[in-house]
Amino acid sequence: MGKTFRNLLAISVAVLPINIIMIWHRLSQSGGFSTSDMILYPLLFGTGSIILILLLNKYLIQDSFITTFNSRPEHLSFDLLVGLILAAVYFIMMYLERVTIYNWLPNGNAPNEELVNAMQDMADKPLLLIIWFGPVLWIGIALFEELSRVFLLKCLWNINSNRLWHITVIFISSLLIGFVHLHLGTAGVISIGLKSLVACFYFYKFRRLLPLVIAHALYDGIQFAMFLYYLN
């Protein structure tokens, strides 16, 4: 098999199906997410997709983990610092988006009572909180989504070394990731897409996966913790 075919096949197997399923589920399931959904779905689909991506990267793309996800050597302390900086950037962007695009493009969606109830249920059960803030957040959500993002970028970048193509891929992937969050409304799609652009351009420049995982986990985790605090 040629290089282009192998890379497109890897995307078709590991990235596109899970994104299509997520879009379909979020648009078709009006009831929202139950407590078990918030625990099991990320662990099962996220962990399974991580394993699939790593296998495809090794045996189909024929690249090592370092070549694909961490091609520029750095110290762990540097990755931690950059992760903190990226998380801060995401929060600054969130604030700016709340006073701009969320006012210009209100989605008009009422709060999802089942989602709120699921979060309240988790808040009342410490074990569920430990599971969610541990393997669910760091593996099933942050690692899965960032690994998928980087794998999509690298597979498409492998097709052509042209710089313009690489930049185009960044916008294509960010558009796809934004549409995965279509249930959040137009403003939500734009918000997620803009943060994806930041993540993609960071990886384009520095080729390090871990800072993206750290930033993602901190961004989602802090928001979730604040929501639980205000629930109580």
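# Reading a predicted helical model

Guide: Start with the core of this predicted model. The largest nonpolar core holds 58 residues, and M122, W132, F151, I170, L212 and F224 touch the most other members.

Visitor: Which element gives the largest share of this core?

Guide: Helix α8 does, with 16 residues.

Visitor: Take one of those well-connected members. What does F224 touch, leaving out residues up to four places away in sequence?

Guide: Six residues are on that list: M38, M119, M122, L129, W132 and F133. Two of these, M122 and W132, are also among the core members that touch the most others.

Visitor: Now confidence. How should I read it along the chain?

Guide: Begin with the chain as a whole, then go element by element. The mean pLDDT of the chain is 89. Residues at 70 or more make up 92% of the chain.

Visitor: Where is confidence lowest, and where is it highest?

Guide: Helix α7, residues 113–123, is lowest, with a mean of 69. Helix α5, residues 76–98, is highest, at 96.

Visitor: Back to helix α8. Is S148 buried or exposed?

Guide: Compare its relative accessibility with the cut-off. Buried means under 20%. S148 has 8%, so S148 counts as buried. The residue lies in helix α8, which spans residues 126–157.

Visitor: Which residues does S148 touch, again leaving out those up to four places away in sequence?

Guide: V15 and I53.

Visitor: And the surface? Which residues form the nonpolar patch?

Guide: M1, F5, L9, V13 and L52. Together they have about 450 Å² of accessible area.

Visitor: Which helix gives the most to the patch?

Guide: Helix α1, residues 3–14, with three residues. L9 is found in helix α1.

Visitor: How does L9 count by accessibility?

Guide: Partly exposed is the class between under 20% and over 50%. L9 has a relative accessible area of 30%, so L9 is partly exposed.

Visitor: One more residue. Where is L194, and how does L194 count by accessibility?

Guide: L194 is found in helix α10, residues 185–206. At 34% relative accessibility, L194 counts as partly exposed.

Visitor: How do I read a long-range pair here?

Guide: Set the separation along the chain beside the separation in space. L194 and M94 are 100 residues apart along the chain. Their C-alpha atoms are separated by 10.0 Å.

Visitor: Which residues does L194 touch, not counting those up to four places away in sequence?

Guide: M93 and E97.

How values were computed
Residues are numbered from 1 along each chain as its sequence is written. This is a predicted model: local features need pLDDT of at least 70, side-chain atom pairs count only at pLDDT 80 or more; totals for chains, interfaces and linings use all residues. Side-chain values use heavy atoms; hydrogens and water are left out. Helices (H or I, at least four residues) and strands (E, at least two) are DSSP runs, numbered from the N terminus. Buried means under 20% relative accessible area, exposed over 50%, partly exposed in between (1.4 Å probe, protein chains only). Contact means heavy atoms within 4.5 Å. Patches are made of residues with over 30% relative accessible area and no salt bridge: like charges are joined within 9 Å, nonpolar side chains (Val, Leu, Ile, Met, Phe, Trp, Tyr) within 5 Å. Accessible areas come from the Shrake-Rupley method with a 1.4 Å probe; for residues, only the protein chains shown count as cover. A salt bridge is a side-chain nitrogen of Lys or Arg within 4 Å of a carboxyl oxygen of Asp or Glu. pLDDT is the predictor's confidence in each residue, from 0 to 100. A nonpolar core is a set of buried Ala, Val, Leu, Ile, Met, Phe, Trp, Tyr and Cys residues joined through side-chain atoms within 4.5 Å.
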